[in-house]
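I opened this notebook to record what I looked up in the model, one topic at a time. The entries follow the order in which I made the look-ups.

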Amino acid sequence: MLAAFLQSSLVRLIPVGMVVLAIQRTIVVDLPVADVIIQFVLAFVATAGAVGGSERGAIAGFVLGLMVDLVGGTPIGSTAIAFTVAGAVAGLLALLVADPQWWLVAAFTGIGAAVGEAMLPVVRLFVGQENPWPPEMLKIVVVVAVAAMVLSPLLAPIARWSLRLRRAEWDASRAEETVT
């Protein structure tokens, strides 16, 4: 059982998540864009889903969402649910293409981040928070999605490493040999 845990992606995902969360809580908080604080952790989760698929994206979303809940004082699991959905949505979109180009990863990351950010007030409404809908919700979702798209080329290699993924290798000479 210990060997299975040590070979899982959690061994890399948890420390990387701690660093991503530290960046969110120290640096990104002081750099709002259009009066919106960028969700750096959500961008990482959506990127992990876009490069790793829906299952790995959901796992990354759940683990990092729990970390955000533990640090932020929100009800345990409320952010984790929204981040799980964000990672799963980005991963499901990535299933459309076998090996997506960087711009497709960015687009899938943006959509996943938008869904995750839109889910946060819904989940917080279900856990009993009063008035979870900010008045400028559309602006927040758009800014967070665009920021996630911009950050995805930087976060994709880190997400691949933390999820223990290797890029698909395609050899044109081998492909021609199998066709002929």
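**Entry 1, V45.** I began with V45, which touches G57, A60, G61, L64, F83 and G87 when residues up to four places away in sequence are not counted; contact here means heavy atoms within 4.5 Å. This is a predicted model, in which local features need pLDDT of at least 70 and side-chain atom pairs count only at pLDDT 80 or more, while totals for chains, interfaces and linings use all residues. Residues are numbered from 1 along each chain as its sequence is written, and side-chain values use heavy atoms, with hydrogens and water left out.

I then looked up where V45 sits, and found that V45 lies in helix α3; helices are DSSP runs (H or I, at least four residues), as strands are (E, at least two), numbered from the N terminus. V45 is buried, with a relative accessible area of 0%, where buried means under 20% relative accessible area, exposed over 50% and partly exposed in between, with a 1.4 Å probe and protein chains only. For a distance across the chain I took V45 and D99, which are 54 residues apart in sequence and have C-alpha atoms separated by 19 Å.

**Entry 2, α3 as a whole.** How many of the residues of α3 are buried? I find 13 of the 13 residues buried, so α3 is largely enclosed by the rest of the structure. I also checked its length: at 1.5 Å a residue the 13 residues should span 18 Å, and the end C-alpha atoms are 18 Å apart, which agrees; the expected span is 1.5 Å times one less than the number of residues. Just after α3, G53 takes a positive phi of about 95°.

**Entry 3, the nonpolar core.** I next looked up the largest nonpolar core, which has 41 residues, and noted that L13, V41, F44 and L64 touch the most other members; such a core is a set of buried Ala, Val, Leu, Ile, Met, Phe, Trp, Tyr and Cys residues joined through side-chain atoms within 4.5 Å. The elements giving two or more residues to this core are α2 (10-26), α3 (40-52), α4 (54-72), α5 (78-94), α6 (102-126) and α7 (137-162). Among these, α3 gives the most, with 10 residues.

I followed L64 further, and, leaving aside its neighbours within four places in sequence, I list its contacts as L13, G17, V41, F44, V45 and F83.

**Entry 4, α5.** For α5 I repeated the length check: its 17 residues should span 24 Å at 1.5 Å a residue, and the end C-alpha atoms are 25 Å apart, which agrees. The buried residues of α5 include S78, T79, F83, G87 and G91, and what covers the buried residues of this helix includes α3, α4 and α6.

**Entry 5, the largest pocket.** What is the volume of the largest pocket? I noted about 520 Å³, a volume being the space filled by probe spheres set on grid points that are joined across faces, edges and corners. On a 1 Å grid over the protein atoms alone, a pocket is an open set of points where a 1.4 Å probe fits, with protein on both sides within 12 Å along at least five of seven lines, and lining residues have an atom within 4 Å of a point.

Of the 25 residues that line this pocket, Q24, Q39, E117, L120 and R124 are the closest to its centre. The elements giving two or more residues to the lining are α2, α4, α5, α6 and α7, with α6 giving the most, at 4 residues.

I followed Q24 from this lining: it is found in helix α2 and is buried, with a relative accessible area of 8%. Leaving aside neighbours within four places in sequence, Q24 is in contact with V29, I37, I38, Q39, F40 and V41.

**Entry 6, the loop between α2 and α3.** Last, I looked at backbone angles in this loop, where A34 is found and has a phi near 55°, a positive value in a residue other than glycine. A34 is partly exposed, with a relative accessible area of 47%. D35 is found in the loop between α2 and α3, has a phi near 65° and is exposed, with a relative accessible area of 74%.
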